[in-house]
Amino acid sequence: METIGNITWEIKEAIGVLSLGPPPGNLLADPVFVPSETLIQWTSDPSLKGIMVHGKGRHFSAGADLECLTRMAASEERTAERMNDGKKILSHLEALPVPVVAAIQGVCFGGGLEIALACKIRLCAENALFAFPEVNHRVLPGLGGTVRLQQTVSPAAALTMILGGDTINAEEALRVGLVDRIFPREKLFSAGIALLQKMTRNRQPEVIHAVMNALRHSSTMTEEEAMREETRMFCKLAKKESERRSSEQS
Amino acid sequence: MNQEASLTGLSSIRWSATNHIGELILNRPPSNEMNAVFFEELDRLLPYATTRKDLLGIIVSGAGRHFSSGMALDELLKNITVSEISDHPGDKKDHVLLQNYRSFLRLKATPIPVVAAIRGVCLGSAFELALLCHFRICTPEAVFGLPETTFNLMPGLGGIRRMSELAGKAHAIELILHGNTFSAEEALAMNLVDAIVPKNELHETAASFIRKISENYRKEKRPLYLTRYLRHHGTAEDTTL
């Protein structure tokens, strides 16, 4: 187990678990909730097949620590710099070529929801609550959440949350498509691990990477580029499989 | 290419046009496996079939009990080459798999509705083909899946992109990495098929659906339909009917 600040990381059976802290609220003292180089180092383990992000204790994360944020905001330049660094961390998490699952229980507000939105699959407990309360403090979600939320739910649902600052529960989150599945609280963590194991246990890392990269290309590339890249990746895998089969026969 | 040249000697595909509806039938029963011959014939047929001015729509289906079990894997693996694929279309002759992919996209860019009518198994590349049709109608017993990763491969004909557009990223990742099959009901719930109908109504439902859409065209709803269609399916190569 590795720890930096309030965040811990551990790889068990090829699944990395990123735990947000400190409990109870797992407040984020800084948009850079984990140093970029640390996250890159942790997630570059070649044996890694999937990641689960969750909060220590009863909550996912209540978001930014407003006191720290207010102090930081005294300098506009410094704020912009930290926010941009924070965005890079979420972009890194989002672009990883392995499935990243958020297991969300309790509150998932502001910066916490930003982190959850950078994950590809969101599971939550029955007691989960979601909100972008930024508007109540006369700011807006600053780590790409306005963009990611609109890509995840309908524009109407996104606006209601961002502009209204409304809190929604697990059921409503499932209905609008913000989460993909709900579990009883006590089963959430094991359900997340089980899902990741089911998807990755018998898969070679290069197969997982190819699928996840192809998926990412569908939103970052034109159809023509994505098509060429997909064929390239397919041919590489097929060549390797073809060689494996002929070596098995000989 | 003229009609005769396009249609001469088709064996893996059956093509016909009746009452202004084109019928493209995958024709290697029982499993309608998609081999190199199939893709070669598809490549030959589609430029002709998708630009005919007298058709209201096209129904894609499988001969016999199944839609198709997908790509002929052994043949594919035996012949695979990793020749360099250039970044610029038209630089040199496309890799054969890229040509197959282009055929599927041509179906998607067809300016008349293309409906997949699915019975039995619809797996791998065959499901990718169905996903690139504009609509999917299936029977209650239909079985779907992208099992490529269970053979250490990946879906390579646009299925990853289409599945995540239709069912969302989470479902796409889970179904593709796990590689499991799923039922018609599950496919409907995930937006991967548009309707489930009894076996004996499958074909007529697809045909009447196409006629209904073309009726809307004639009632001058065509601009709306085309706008919606182009937004969802990219730019059609030929939008002047």
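These are my notebook entries on a predicted model with chains A and B.

**Entry 1. The A–B interface**

I began with the contact between the two chains. In the model, 40 residues of chain A are in contact with 44 residues of chain B. The two chains bury about 3,900 Å² between them, and 64% of that area is on carbon and sulfur atoms. I then looked up which residues of chain A supply the most. Glu223(A), Arg228(A) and Phe234(A) together give 19% of the area that chain A buries against chain B, more than any other three residues.

Next I counted polar pairs. I found twelve residue pairs in polar contact across the interface of chain A and chain B, both residues being at pLDDT 80 or more. For the side of chain A that touches chain B, I noted that α8 (188–200), α9 (205–220) and α10 (223–249) each supply at least two residues. The helix that gives the most to this side is α10(A), with 19 residues. Sorted by class, the side of chain A that touches chain B has 19 nonpolar, six polar and 15 charged residues.

**Entry 2. Salt bridges between the chains**

How many salt bridges are there between chain A and chain B? I count five. Over all chains the count is 22.

I looked at three of the pairs between chains. In one, the side chain of Glu223(A) meets that of Lys108(B), at 3.0 Å from N to O. Glu223(A) was already noted as one of the three residues that supply 19% of the area chain A buries against chain B.

Another pair is Glu224(A) with Arg102(B), with the closest N and O atoms 3.0 Å apart. This pair runs from helix α10 of chain A to helix α4 of chain B. I checked the exposure of both partners. Glu224(A) is partly exposed at 24% relative accessible area, and Arg102(B) is partly exposed at 26%.

Glu174(B) pairs with Arg181(A), and here the closest N and O atoms are 2.6 Å apart. This pair also crosses between chains, from helix α7 (residues 169–178) of chain B to strand β10 (residues 181–183) of chain A. Glu174(B) is buried, with a relative accessible area of 11%, whereas Arg181(A) is partly exposed at 32%.

**Entry 3. A network at α10 of chain A**

I followed the salt bridges along α10(A). Glu248(A) forms one with Arg244(A), the closest N and O atoms being 2.7 Å apart. Both residues lie in helix α10 of chain A, four residues apart, which is about one turn of the helix. Glu248(A) counts as exposed at 56% relative accessibility, while Arg244(A) is partly exposed at 36%. The pair is part of a network of salt bridges that links Glu241(A), Arg244(A), Arg245(A), Glu248(A) and Asp74(B).

**Entry 4. Cysteines**

I looked for disulfides and found zero over all chains. Why is Cys108(A) not bonded to Cys124(A)? The sulfur of Cys108(A) is 9.0 Å from that of Cys124(A), its closest cysteine sulfur, so the two are too far apart for a bond. The cut-off I used is a pair of sulfur atoms within 2.5 Å. From the other side, Cys124(A) is likewise in no disulfide, with the sulfur of Cys108(A) as its nearest. I also checked accessibility: Cys108(A) is buried at 0% relative accessibility, and Cys124(A) is buried with a relative accessible area of 0%.

**Entry 5. Three single residues**

Is Thr149(B) buried or exposed? Thr149(B) is buried, with a relative accessible area of 1%. I placed Thr149(B) in the loop between β7 (143–145) and α6 (159–167) of chain B. Leaving out residues up to four places away in sequence, Thr149(B) touches Arg203(A), Val207(A) and Val211(A) of chain A, and Ile176(B), Leu177(B), His178(B) and Gly179(B) of chain B.

Ser103(B) lies in helix α4 (residues 96–108) of chain B. This serine is buried at 3% relative accessible area. Neighbours within four places in sequence aside, Ser103(B) is in contact with Leu42(B), Asp43(B) and Leu46(B).

Last, I looked up Ala80(A), which sits in helix α3 (residues 76–95) of chain A. Ala80(A) counts as partly exposed at 39% relative accessibility. Ala80(A) and Gly142(A) are 62 residues apart in sequence, and their C-alpha atoms are 9.6 Å apart in space.

Definitions and conventions
Residues are numbered from 1 along each chain as its sequence is written. Chains are lettered from A and ligands numbered from 1 in the order in which they are written. This is a predicted model: local features need pLDDT of at least 70, side-chain atom pairs count only at pLDDT 80 or more; totals for chains, interfaces and linings use all residues. Side-chain values use heavy atoms; hydrogens and water are left out. Buried means under 20% relative accessible area, exposed over 50%, partly exposed in between (1.4 Å probe, protein chains only). Contact means heavy atoms within 4.5 Å. Buried area is the accessible area (1.4 Å probe) that two parts lose on being put together, summed over both. A salt bridge is a side-chain nitrogen of Lys or Arg within 4 Å of a carboxyl oxygen of Asp or Glu. A polar contact is a pair of N or O atoms within 3.5 Å; within protein, one must be able to donate a hydrogen and the other to accept it, and residues adjacent in sequence count only if both atoms are side-chain atoms. Ala, Val, Leu, Ile, Met, Phe, Trp, Tyr, Cys and Pro count as nonpolar, Asp, Glu, Lys and Arg as charged, and the others, Gly among them, as polar.
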